[in-house]
Structures are given as structure tokens and as C-alpha cells.
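Work through these exercises with the structure open beside you. Try each task before you read its solution.

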Amino acid sequence: MRILLILLFVLNISTAQETQKVHATVYNAVVEQCNSDPGHTASMFELDLDNPYSHKIIAVSRDLLTKYPFGSLVIIRGTAYDGIYQVQDLLNKRYKNRIDILINQNMPIGKWADVKIYKIE
């Protein structure tokens, strides 16, 4: 299944529905950027704190959670971290129409506007 998803992404073919444009940033699994338990996401997914990027997880703003509930697979395009991710975390309620990509602390930070997100059905 994972190979099929990668092929769909590489070949620019997707089983995705509509595209949505969002603002994207990155975050690290640390207390300063999460909460007192950086080892777990809002969905209680347990992270490998030595390599959290390996999970390919994003957080979504609360206004996007209905369309992209926990466990949803999405394709992200328009960032330095384009790829297939799983929704497992939630942003602070002050954010709207935004996603955060979980990365390792040694990876470059970034922020991007008009990022395309596709839900894989």
C-alpha cells in the first residue's frame, strides 16, 4: 500500500478529492512548541522522539479537523517537505486554515503560503 501511495504522489496521480490551499509551517516535538508531553500528539499517537519526522505527521488547525480528522492521509505540495502525511496532531485554537509539519530538530525550518493539501480517500 505504501508503494502505491508513493507512486501516486510521484506520478502526480491521486485518489484525492478536492485541493485545499493552506498556510504551512513546521514544528518540533519539544515542550516549548507542544505541551508538557511532547512524546504524544493530540490523538495520543506515540512519537519516536529521536526521529519524529519518520512518522510523517502533520497537525491541523481546528477548522480543518472535520475535513481532515485524525488518521487521515494527505498529500502536501508546495513546501520543502512535500509528501504523504498522516493527520495526528492539532494546532492551537488561535490558528485557522493552517497545517504544521512535524520535523526533527536538526532539519531546516520554514513557512509557506498557498500550500496544496489533498486528502487521500
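**Exercise 1. Which residues does Gln20 touch, not counting residues up to four places away in sequence?**

Solution. Start with the ground rules. This is a predicted model, in which local features need pLDDT of at least 70, side-chain atom pairs count only at pLDDT 80 or more, and totals for chains, interfaces and linings use all residues. Residues are numbered from 1 along each chain as its sequence is written, and side-chain values use heavy atoms, with hydrogens and water left out.

Step 1. Fix the term: contact means heavy atoms within 4.5 Å.

Step 2. List the partners. Gln20 touches Leu64, Lys67, Tyr68, Asn97, Val115, Lys116 and Ile117.

Step 3. Pick out the polar contacts (a pair of N or O atoms within 3.5 Å; within protein, one must be able to donate a hydrogen and the other to accept it, and residues adjacent in sequence count only if both atoms are side-chain atoms). The Gln20 side chain makes one with the side chain of Lys67, at 3.0 Å. Another, of 3.2 Å, joins the side chains of Gln20 and Asn97.

Step 4. Place the residues. Gln20 is in strand E1. Asn97 lies in the loop between E4 and E5.

**Exercise 2. Describe the overall build of the protein.**

Solution. Step 1. Count the elements. The protein has one helix and six strands. Helices (H or I, at least four residues) and strands (E, at least two) are DSSP runs, numbered from the N terminus.

Step 2. Read the order. From the N terminus on, it is α-β-β-β-β-β-β.

Step 3. Check burial. Of the 121 residues, 45% are buried. Buried means under 20% relative accessible area, exposed over 50%, and partly exposed in between (1.4 Å probe, protein chains only).

Step 4. Look at the contacts. Take those between residues at least 6 apart in sequence: 75% of them join residues at least 24 apart.

**Exercise 3. Is Gln20 buried or exposed? Then classify its two polar partners.**

Solution. Step 1. Gln20 has a relative accessible area of 16%, so it is buried.

Step 2. Lys67 has 28%, so it is partly exposed.

Step 3. Asn97 is partly exposed, with a relative accessible area of 28%.

**Exercise 4. With which residue does Lys67 form a salt bridge?**

Solution. Step 1. Apply the rule: a side-chain nitrogen of Lys or Arg within 4 Å of a carboxyl oxygen of Asp or Glu. The count comes to one salt bridge.

Step 2. Name the partner. Lys67 pairs with Glu18, and the closest N and O atoms are 2.8 Å apart.

Step 3. See what is linked. Lys67 lies in the loop between E2 and E3 and Glu18 in strand E1, so the pair ties together parts that are 49 residues apart in sequence.

**Exercise 5. Which members of the largest nonpolar core touch the most other members?**

Solution. Step 1. Define the core: a set of buried Ala, Val, Leu, Ile, Met, Phe, Trp, Tyr and Cys residues joined through side-chain atoms within 4.5 Å.

Step 2. Among its 20 residues, the answer is Ile58, Val74, Ile76, Tyr81, Tyr85, Ile99 and Ile101.

Step 3. Trace the suppliers. Strands E1 (16–27), E2 (57–60), E3 (73–77), E4 (83–90), E5 (98–102) and E6 each give at least two residues of this core.

Step 4. Find the other core. Apart from the largest core lies one of seven residues, among them Tyr27, Ile57, Leu91 and Leu102.

**Exercise 6. What kind of aromatic pair do Tyr81 and Trp112 form?**

Solution. Step 1. Rings of Phe, Tyr and Trp (its six-membered ring) pair if their centres lie within 6.5 Å; planes under 30 degrees apart count as stacked, over 60 as edge-to-face and the rest as tilted.

Step 2. For Tyr81 and Trp112, the centres are 6.2 Å apart and the planes meet at 85°: edge-to-face.

Step 3. Tyr81 lies in the loop between E3 and E4 and Trp112 in strand E6, so the pair ties together parts 31 residues apart in sequence.

Step 4. Check burial. Tyr81 is buried at 9% relative accessible area. Trp112 also counts as buried, at 17%.

Step 5. Widen the view. Ring pairs link Tyr53, Tyr81 and Trp112 into a cluster.

**Exercise 7. Where is Asp114, and what is its phi?**

Solution. Step 1. Asp114 sits in strand E6 (residues 111–120).

Step 2. Its phi is positive, about 55°, although Asp114 is not a glycine.

Step 3. Asp114 has a relative accessible area of 55%, so it is exposed.
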